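Open the model in your viewer, and keep the sequence panel visible beside it. This tour moves from one selection to the next, and at each stop it says what is there.

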Amino acid sequence: MNDRRIFFLGVNTGFLADGKPDERYLRFYATRSSSSLHCAIIGNVVVPGGYGSNAVSPTLTAEPVWTDLAAAIRRGGSMPGIQLATAWEGYAGSRRFVGAKPHEIIQKARQLVTGMGRGRIAGVLDSFEAAAAMAERHGFSHIQLHAAHGYLLGLLVDSRINSDSMYVLERLATLAVILRRAKVETSIRISLKTGEPNFDNIGTADFQDTIARLPFDYIDLSSGFYNIDKRLIYPTHPNILAARLNESLETGARHPDRAFILSGRAIRHDWTKLPSNVHLGLCRDLIANPNFLQEPHSGCHNHNKCHYYSRGSSHLTCGRWLNA
């Protein structure tokens, strides 16, 4: 793995006090940062004026706790990263792993975006730009835009949902260039597919290729819409894991000059046989064991306790923590 960069991918811990990251939040990321980890990306941070995906989604502010968080990650030996996101007013994440009517989710997404118009879309993009500038001031050296899992930015960048997607893509490309000039590393996270078969059968590769051509440093390849099929987001079944790997590698092969982040229990693959433009994204293994990179045979045991929202809990936990 010496020729690969390793990322701790964004997770919403729920470790908040009065809506702000608390000591548990800082300790969670500080203990998982190390010189073996290129970047620790704190997950699902809501842009100012945005909407969280659940009640424990923190909103980025000018308060010093965010500077403290970036500094704690850097002291641990990793690049501090932040994933910027928003849902929309009235958004409710399903607690079920598989939605009953996925076609209705797509239909409602189109209706939502059509009703926004250019003006409201521009306001959302303004919020992402403001959040990126704020994150840079706090000391985050990697900024990721969350355009996956059916959240708002993911709807706006997809021409199958948003007829004005080209405007959005141009704005995001400009932001990526601005951040690169400021020597801030960037990435954008997308879902390879939604989980709605009829939708995914048309234009999926074109969508992936469109995103891959944006001037972000990395394309983070996830999958699934949260309210359609969470099994794609958190894959455990061998068939789903194999499909995730194949779809990711196919996307990377079409863009050999672009860098991609591969996840979905990806560390279990033989990395000597994977293309050089693919880098490793970790999540559940590092959640389970802060020292996983030093103890690579001691990671996630699939207790499924980390799916705290689906289980009706208010913050992240792990079966391994409970058994420690």
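The stops below go from the barrel to the helices around it and then to a few single residues, and throughout it should be kept in mind that this is a predicted model.

**Stop 1: the barrel**

Begin by selecting the strands β1, β4, β5, β6, β7, β8, β9 and β10, which in that order make up a closed barrel of eight strands with parallel pairing. As you go from one strand to the next, the twist averages 30°. In general, the strands of a sheet pair through backbone hydrogen bonds, and this pairing can be either parallel or antiparallel.

Now narrow the selection to strand β4, residues 39-46, together with β5; these two strands run parallel and are joined by six bridges. Which residue of β5 is the bridge partner of I42? If you select I82, you have found that partner, and further along you can pick V46, which stands opposite A85 in β5.

Keep β5 selected, residues 79-85, and ask whether the strand is enclosed or open to the outside. Six of its seven residues are buried, and the strand is therefore largely enclosed by the rest of the structure.

**Stop 2: helices α1 and α2**

Next, select helix α1, residues 23-32, which lies across β1 (6-8) and β4 and runs at about 155° to β4. Add helix α2, residues 65-76, and look at the two helices together: their axes come within 8 Å and cross at roughly 20°. Because angles under 35 degrees count as roughly parallel, α1 and α2 are roughly parallel to each other. The crossing in which α1 passes α2 is right-handed.

To see the contact itself, show the side chains of Y25, L26, Y29 and A30 in α1, which meet V65, W66, D68, L69, A72 and I73 in α2. Sorted by class, this contact of α1 with α2 has nine nonpolar residues, no polar ones and one charged residue.

**Stop 3: helices α3 and α5**

Move on to helix α3, residues 102-138, and helix α5, residues 165-181, which pack at an angle of about 15° with their axes 11 Å apart. That angle makes α3 roughly parallel to α5, and α3 passes α5 in a right-handed crossing.

On the α3 side, the contact is made by R118, I121, A122, L125, D126, F128, E129, A132 and E136, while on the α5 side it is made by Y167, V168, R171, L172, L175 and L179. By class, the contact of α3 with α5 has ten nonpolar, no polar and five charged residues.

**Stop 4: helix α7**

Select helix α7, residues 204-212, and colour its buried residues, which are T204, F207, Q208, D209, I211 and A212. What do these buried residues pack against? If you display the surroundings, you will find α5, β7 (185-191), α6 (197-200), β8 (218-222), α9 (238-254) and β9 (260-262) as their packing partners.

**Stop 5: the loop between β9 and β10**

Now go to the loop between β9 and β10 (278-282), where you can select I267. Its relative accessible area is 24%, and I267 is partly exposed. Leaving aside residues up to four places away in sequence, I267 touches L280, L282, D285 and F292. For a distance to check in the viewer, take I267 and H279, which are twelve residues apart in sequence and 10.0 Å apart in space, C-alpha to C-alpha.

R265 lies in the loop between β9 and β10 as well, but R265 is buried, with a relative accessible area of 11%. The phi of R265 is near 55°, a positive value in a residue other than glycine.

**Stop 6: N302 and W321**

Another positive phi, of about 60°, belongs to N302, although N302 is not a glycine. You will find N302 in the loop between α10 (284-288) and α11 (319-323), and at 39% relative accessibility it counts as partly exposed.

Finish with W321, whose place is in helix α11 and which is partly exposed, with a relative accessible area of 29%. Not counting residues up to four places away in sequence, W321 touches F15, F28, R32, I287, A288 and L316. As a last distance, W321 and E104 are 217 residues apart in sequence and 38 Å apart in space, C-alpha to C-alpha.

How values were computed: Residues are numbered from 1 along each chain as its sequence is written. This is a predicted model: local features need pLDDT of at least 70, side-chain atom pairs count only at pLDDT 80 or more; totals for chains, interfaces and linings use all residues. Side-chain values use heavy atoms; hydrogens and water are left out. Axes are lines fitted to C-alpha atoms, for helices over the stretch in contact, and angles run from 0 to 180 degrees between N-to-C directions. Helices (H or I, at least four residues) and strands (E, at least two) are DSSP runs, numbered from the N terminus. Angles under 35 degrees count as roughly parallel, over 145 as roughly antiparallel, 65 to 115 as roughly perpendicular and the rest as oblique. A crossing is left-handed if the near helix is turned anticlockwise from the far one by less than a right angle, and right-handed if clockwise. Contact means heavy atoms within 4.5 Å. Ala, Val, Leu, Ile, Met, Phe, Trp, Tyr, Cys and Pro count as nonpolar, Asp, Glu, Lys and Arg as charged, and the others, Gly among them, as polar. Buried means under 20% relative accessible area, exposed over 50%, partly exposed in between (1.4 Å probe, protein chains only). Two strands pair if DSSP finds at least two bridges between them.
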